Each structure stands twice: as structure tokens, then as C-alpha cells.
Amino acid sequence: MRDVAVVGFAQRQMPEFDGSPTCVELLVPLFTECYEQTGWSRRDIGFWCSGSSDYLAGRSFSFVSAVDAIGVIPPVNESHVEMDLAWALYEAWIKIQTGEVDTALVYAFGKSSAGVLRRTLALQLEPYTMTPLWPDTVSLAGLQARAGIDAGIWDERAMAEVANRSLTDAEKNEYAVRKGGSSVEELLARPVYADPLRKHDCSPVTDGAAAIVLAADDRAREVRDRPAWIDGLAHYVDPMSMGTRDLTRAPSAARAAAAVDLDGVEIAELHAPFSHQELILRSELGLADDVRINPSGGALTSNPMFSAGGIRIGEAASRIWSGEASKAVAHATSGPALQQNLLCVLEGRN
Amino acid sequence: MSRTLQAPVTVAFDYTRSVGPVLGRFFAGLRDRTLVAGRTSDGRVVLPPPEYDPVTHRQLTDADLVEVADTGTVTSWTWVPEPVKHQPFDRPFAFALVTLDGADAPLLHALDVDSPDHVVTGMRVRVRWAEERSGAITDIECFEPADDLPGGRATPLADREATTGIVTPVSLDYLYAASPEESAFYRGLNEGRILGQRCPSCGKVYVPPRSACPADGTPTAEEVELSQTGTITTFCIVNVPFLGQKITPPYVSAYVLLDGADIAILHLILGVPADQVRMGMRVKAVWKPQEEWTYSLENIDHFEPTGDPDADFDTYKHHL
């Protein structure tokens, strides 16, 4: 296996992007930041891969328009996934492993506010017996949260603790769209919205984009003194049906955790768009109590569709580069109620 | 003035899906007010029944199917305070997971109650069947409370022909925004002008304008007003009628390279018999009456020949 590291990262997150859902205007400055961080130009990038969805954009081939932000003369080696940035990164990592390329820039974008996000996401469900009922994202998360409360695995206080810590940490994140912690008591005093969820248990609708640069071996060492080496990458999927799996668990997250080495992880950036989902992930990953969870504030405070998972990888990598951590794990999810789970373990080596 | 022009847009499509033999039995059952479940290799009775066993991957057959009662127990629920379009109710309701009597795994559907105070996990409910049923999950209108009903159990599958497909209408509403450069283009059209953007690094002029130069990725910066005359670079004669066609065939769709632009726009050519349109023909924009102008390329009704001599091939050979 080739050693591959995260060497560049840029992001933008906002409640409402005043621009086209192709997000070209948003991507150009992100690529510029990546070029500045690496000292490269677009011609140094061996492979490009984007993550986005036309269902979110409300138009066809939005990812083709987004390629304008790259510039394609001379032609570029380019691909696309209808998945989060983290999966675009996975494809690029495999591409680098083949030896065909040494560097990659992966990016993702989404204007969630163009439609009704929680409704649009019903189209990712089983199309015969689920989508015709239009079960929205918040309702599916509510069913999952209730299952854990009824089983005594977590309670509303534990959920509020997650929200309060996330909102407090988000104060230091210039991109977070919701921030400002108070106290667990104050959060619990707020009205219940989608019983059993309060609004702070649900991530806000967020527009945004992000880009990550990968490089192999010496190409990575050229860019940074302390690259964030990818020590493990694993992705598993649970059944889609809400009825046949134990909603208080995420077996695919546990399988991903078993496929990588989490010993010594100091920081975990978990893609949990609902507060109780962080509790499930902490348990499935078997994280020790002293692991710092979501120092960025996490997806609970800012969840741009198609980039929020990859942003977890970027946030974790930033803390490796700075020396704040030597080993970190980033997690990305997709599908209803933590159906799909991807783990990326990053390590700094001196 | 807002930075961008925005307009509502609805994207809709009726998805016609074939179903496998097991789901076909399930949907046929619903049409007859009956709930068909499948027995999986782990001994569970599951609803909706899967086509393939989740553990052994063996295809389920009629021998694995049973009928379960239309009464059951709520195993989880959530309140829906602000329903979205096409959900089972347009007023607040609950989504619930209900394990039907005789089944071991719950089914997701709506539960009709007035407030979250009227739902608890463990409550007894029953199916309220839709008046008109077509063999779809919506044949179950919802669940409703049924405190006093005794439990039922699984019974053998009745003989019934499976359905073969469902139709699921999907309709999504958006507020679609043009990019700032596209917005300038449409605002220009509303004033009778055609605006493009020039790439500061390669000098190419794009119309409609792009936010970044597709050749080199540089953000376009300079707005350029283009000529209303241009050259036909290539064209096609439309002879085939199609859905939504606005003009009676034959007519000509052509790429018109406006003078000063580096990319052609697609438009309609009139004022000349279709068989006389040719590459290199010089044409000019013919606008609709000003009172009909809006933020649209349709403000230009069509292009027609200027009568000038044809352009040299060399002047447009790089734009084909």
C-alpha cells in the first residue's frame, strides 16, 4: 500500500448561499486556497473527484457545470460520486493506490436551501414502501431517538449534553452556522419540536462546499512537515429498512471500527446530524472517555449536504498538521438513520 | 436589488417501477385489505417481506409468506409538527413503527392522533384502510388507536395473483437561483442587451456568461456587451415532431456565434427557407415587442439573415 496523506483542506458553510446550485462561485475560492496551501497549480493535480446530487440542485448535470471551477484545458482526469465528499476521497485514495496518480483534489458542494431538504432526502429511501410516504429525515431520526430512549440506552439529558458541548465548541468555528452553548438545563427547558427531538437535537439546513487535497509519499512530504497520513479507511452499509435493524445500533459503524486501528485516537470528528447519533457512534466505535469529540462543533451545528462528512476528515487533518493531535479518526455517514458509515484514521508522524 | 435572480421551479416525474414476486404478493394483499409478511431464515416474520433472505440470500417463495393481523403495537414513534408535501397527512401527525400481531419486525407508517400526548410506545393500533386501493403502500391510509382490540396471529397465505408494478409520482419544489453572472445576462436581456463575460487570463468571451472560465478555471471578471449580429456555425433542420414543440416543423435550430463571442448560442432561424440555411450565414437578432420582454433568452424571438455576404470559414473554424 502507498502512504497517502491529507495535505490541503478548505471549506465554506452558510445558512443560505445566494448563488446558483452549481456552486462554481463557491468552489473557485476553495480551489485557490488549496493551491495556496500546497504551492501547486491545477496542473499538479493528478485526479479530481466531486460529490454532489442533482436532487439537491434541482437541475440536471450540476456536477458537470461545477467542473468549470477546475478548468479543463488541458483535459483533466475527473470523476463524480452521488455521495458525500468522504466517498469522493475514498475513490481518490483508491486511484492513488493504483499508482496511476500521486495527487488528487476532491471536492463537494450542495445548496440544501434550494428545496425542502428533509423532504428531498426521502428520495434516498427504499422506493417501494418508504418513499411514497415521504418520511422526512427529522421523522426517521425521531423514531431512532425514541427507540434508544425507550430502551434506556440514552435519555434527553444525554442528548442535550451532546448539543451543549457542540454549540460551545462551534463558537470557535468561523464556519459553523449555529453556535452558542448555554447549559443542559437551559436546552432541556426549550420546547420539544418533533417529539422526542428538540430543534438543537437536529442539525440546521446548511449550504456549503469543501475541498481536500491528497498526496502520496514524497509528494505529501513536499507540502507539509507533518502530513495527516491516512492510516485506515473503511466503509460498511446496513440494511435500509427501518424495521429489520435495531435502530439503537449502527452495526456498519462497528464493522468499520473493527477494520481500522483506533488505539491511541485522541480526537474523533463524528458526522452525527442528530444528537443521539453521536451517542450511537461513540458506543459503536468504542471510544474511550478521554477522546475529544468534535472539537469543530460537529455536523450538529453545521451540516452542509455532500460535504459535511468530508469536512470531518478535513477538521481532523487540520489538528494533525498543527500538532494538536497525533492520531485522529474522522467519520462520515450517509443514508437514513446512520445506515452507511465510513471511518478514516489519520496519523501524524514525526 | 438581490445579487441573483431567483424563480420557483418544480421538477416532477411519475416513476413506474416493476416489483418482484414477493413484493407483488405484498401489494396484492394490501389491495385486498390483507397484510402479507415473509418468514426469514432467522425465524422472524417480517413486513414488508423481502425478496431475498437477509442472511442466506435465498429467494423467498410463497411457502415463506404468511398473512398477519391488521392490529398491532407501536414500538417507536415521532411527532411530525410540520408535515411536508405528500406525506400521509397535511396536518400534524405521528410516524410510527408498528409491529403487527403475528409479525416480529415493525412496519413504518403514519399514525393518526391529534397530539403527541395521545401516543405512547406500546399502544395498540390497527390499520385504517384507504377507500380506494391500487396495490401500493398508500392502500394503508394510516394506523389509528385501537385500545380494546385483542391480538391476532399469522395465518396461511390466501391464493391471490401478485401485482407487477407501482407508479410513484415524485414532485420536488425548488427556488432556483441563477449565478451572479447568469443574473446579469438575464437582466441584460430584459433591457434588450446581450451580455457576456471575458476570462481575464485567456481572453475568451462566454455567452451566456460563466462564473469561471471552463478552459482554465479563472473567475470571469469583465462584463462584455455583445453584438446582435453573428454567424451560423452549424445548424440542424428539425423535421420530427416532439412533446412540447412550439413551432411546426420543418424549422432550423442553429448555433449562432455573436460577433465578439467565443462560444455560440443555440437559437431559432426564421425569415429564410430551411433548405437555404448554411454555415457561415450572417444573421441578426429579432426581438419580441418590448412590452413582452422578461428575464429570458426568449425575448429574442429568432435570428434572421442580414443579407450580408457569408463569413469566411476561417473566422469561425475554431468555434465549431
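How far apart do the C-alpha centres of domain 2 of chain B and domain 3 of chain B lie? Keep that question open while the selections are set up. The model is predicted.

**Stop 1: domains of chain B**

Colour chain B by its domain assignment: domain 1 is 6–171, domain 2 is 179–226 and domain 3 is 227–320. Now the opening question can be settled: the C-alpha centres of domain 2 of chain B and domain 3 of chain B are 20 Å apart. Where these two domains of chain B touch, 13 residues come from domain 2 and 15 residues from domain 3. On the domain 2 side of that contact, select α2 (180–189) and β13 (205–206) of chain B, the elements that give two or more residues each. α2(B) gives the most to this side, with three residues. By class, the domain 2 side of chain B holds eight nonpolar, three polar and two charged residues.

**Stop 2: the sheet β13-β12-β14 of chain B**

Stay on β13(B) and add its sheet. Three strands of chain B make up an open, antiparallel sheet in the order β13-β12-β14. The edge positions belong to β13 and β14 (222–225) of chain B; each has a single partner strand, so one side of each has no neighbour in the sheet. Next, show strand β12 (residues 195–198) of chain B, which is joined to β13(B) by two bridges in an antiparallel arrangement. To find the register, pick B:R198, which stands opposite B:V205 in β13(B).

**Stop 3: strand β5 of chain B**

Select β5 (residues 71–80) of chain B, where nine of the ten residues are buried. This strand has antiparallel bridges to two strands listed here. With β6 (residues 93–100) of chain B, β5(B) shares eight bridges; with β8 (residues 124–129) of chain B, β5(B) shares three. B:T73 is a convenient residue to pick: its bridge partner in β6(B) is B:T99, and in β8(B) B:T73 stands opposite B:R124.

**Stop 4: nonpolar cores**

Which residues touch the most other members of the largest nonpolar core? They are A:L27 and B:L111, in a core of 174 residues. Helix α4 (residues 85–97) of chain A contributes the largest share of this core, nine residues. Centre on B:L111 and, leaving aside neighbours within four places in sequence, show its contacts: B:V74, B:W77, B:F93, B:A94, B:A96, B:V119, B:V125, B:C142 and B:F143. A second core, separate from this one, has 23 residues, including B:L195, B:I232, B:V252 and B:Y255.

**Stop 5: between the chains**

Show both chains together. The contact takes in 45 residues of chain A and 57 residues of chain B. On the chain A side, α1 (24–38), α5 (117–120), α6 and β5 (192–194) of chain A supply at least two residues each. α6(A) gives the most to this side, with six residues. The chain A side divides into 23 nonpolar, twelve polar and ten charged residues.

**Stop 6: domains of chain A**

Hide chain B and colour chain A by domain: domain 1 covers 4–116 + 205–223, domain 2 covers 134–201 and domain 3 covers 229–347. The C-alpha centres of domain 2 and domain 3 of chain A are separated by 18 Å. Their contact takes 25 residues from domain 2 of chain A and 18 residues from domain 3 of chain A. On the domain 2 side, α6 and α7 of chain A are the elements giving two or more residues, and α7(A) supplies the largest share, eight residues. This side of domain 2 of chain A has 17 nonpolar, four polar and four charged residues.

**Stop 7: helices α11 and α10 of chain A**

Is α11(A) largely enclosed or largely open? Nine of its eleven residues are buried, so α11(A) is largely enclosed by the rest of the structure. Select the buried ones: A:S275, A:H276, A:Q277, A:E278, A:L279, A:I280, A:L281, A:E284 and A:L285. Their cover includes α6 (137–150), α7 (156–170), α10, β9 (267–269), β10 (292–293) and β12 (327–334) of chain A. Just past the helix α11(A), check A:G286, which has a positive phi of about 65 degrees.

Finish on α10 (residues 251–259) of chain A, where A:S252, A:A253, A:A256 and A:A257 are buried. Look down the axis of α10(A): these buried residues fall within an arc of 145 degrees, so they line one face of the helix. Among the elements covering them are β8 (228–237), α11 (275–285) and β13 (340–347) of chain A.

Note on methods: Residues numbered from 1 in each chain as written. Chains lettered and ligands numbered in written order. Predicted model: local features only at pLDDT ≥ 70, side-chain atom pairs only at ≥ 80, totals over all residues. Buried ≥ 20, exposed ≤ 12 C-beta atoms within 10 Å, placed from the backbone. Helix = DSSP H or I, 4+ residues; strand = E, 2+ residues; numbered from the N terminus. Arc of directions from axis to C-beta. Contact = placed C-beta atoms within 7 Å. Domains from an automatic or database assignment. Nonpolar A, V, L, I, M, F, W, Y, C, P; charged D, E, K, R; others polar. Pairing = 2+ DSSP bridges. Core = buried A, V, L, I, M, F, W, Y, C linked by C-beta atoms within 7 Å.
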